Amino acid sequence: MTGTRLTLTSITVTAPDPRLLADFYARLLGVPVAVSEPPRPGEPDSAGWAQVRTGDGLTLNFEYEAHWQAPVWPAQDDRPHATQHLDIHVDDLDTAVAHAAEQGARLADFQPQADVRVLFDPAGHPFCLFL
């Protein structure tokens, strides 16, 4: 493609409580929540919008989803499945898994690779820590 530059800047994650999820990822990544907005009129207290800036130019946006259903991983027939997930590079897998658990993550029962750990964030999104 010529004449136009496309740059990925953000990933938006839907959740039943986006500000709570932004707090989780901010603690996990060791960065502050950059933006946190309250619910719109008529939305529940758990609604709103938030953003975490990762420090390397990429932002994670968290958006309210009224009909949220946590995905099932690994995928199963007739169940909501993850269509994408976050991959987070770490230097020490065991230490990173312990840190993630302290922040509220849960280790998945199935682990497909020795140098990767699949976890679930507080809303149930799978994410991977990898060496």
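The exercises below, each with a worked solution, concern a predicted model.

**Exercise 1.** Identify which residues touch the most other members of the largest nonpolar core, and which element gives the largest share of this core.

*Solution.* Begin with the membership: the largest nonpolar core holds 25 residues, and among these L21, Y25, F62, F127 and L129 touch the most other members. Next, turn to the elements that give two or more residues to this core, which are strand 1 (10–15), helix 1 (18–29), strand 3 (49–53), strand 4 (59–64), strand 5 (86–89), helix 2 (93–103) and strand 8 (126–130). Of the core residues, the largest share, six, comes from helix 1. Finally, note that another core, of five residues, lies apart from this one and has V116, V118, F120 and C128 among its members.

**Exercise 2.** Determine whether Q51 is buried or exposed, and find the residue whose side chain is joined to that of Q51 by a polar contact.

*Solution.* First locate Q51, which lies in strand 3. Its relative accessible area is 11%, and since buried means under 20%, Q51 counts as buried. Then consider its surroundings: leaving aside neighbours within four places in sequence, Q51 is in contact with V33, A34, V35, T59, L60 and N61. With N61 there is also a polar contact of 2.8 Å between the two side chains.

**Exercise 3.** Examine the backbone at P74 and D78, and state in which loop each residue lies.

*Solution.* Start from the general expectation that most residues other than glycine have a negative phi and that most peptide bonds are trans. The peptide bond from W73 to P74 is cis, with omega near -5 degrees, and P74 lies in the loop between strand 4 and strand 5. D78 lies in the loop between strand 4 and strand 5 as well, and has a positive phi of about 60 degrees although it is not a glycine. As for accessibility, D78 is exposed, with a relative accessible area of 84%.

**Exercise 4.** Describe the volume and lining of the largest pocket, and then those of the second largest pocket.

*Solution.* The largest pocket has a volume of about 290 Å³ and is lined by 18 residues, with V13, T83, Q84, H85 and H125 nearest its centre. Sorted by character, this lining comprises nine nonpolar, eight polar and one charged residue, and its largest share, four residues, comes from strand 1. For the second largest pocket, the volume is about 160 Å³, and the lining includes I11, L29, T54 and D56. Here strand 5 gives the most, with three residues, and the lining divides into six nonpolar, one polar and two charged residues.

Definitions and conventions:
Residues numbered from 1 in each chain as written. Predicted model: local features only at pLDDT ≥ 70, side-chain atom pairs only at ≥ 80, totals over all residues. Heavy atoms only, no water. Core = buried A, V, L, I, M, F, W, Y, C linked by side-chain atoms within 4.5 Å. Buried < 20%, exposed > 50% of the residue type's maximum accessible area, 1.4 Å probe, protein only. Polar contact = N/O pair within 3.5 Å; in protein donor to acceptor, adjacent residues only side chain to side chain. Contact = heavy atoms within 4.5 Å. 1 Å grid on protein atoms, 1.4 Å probe; cavity = no way out; pocket = protein on both sides within 12 Å on 5 of 7 lines; lining within 4 Å. Points joined across faces, edges and corners; volume = space filled by probe spheres on them. Nonpolar A, V, L, I, M, F, W, Y, C, P; charged D, E, K, R; others polar.
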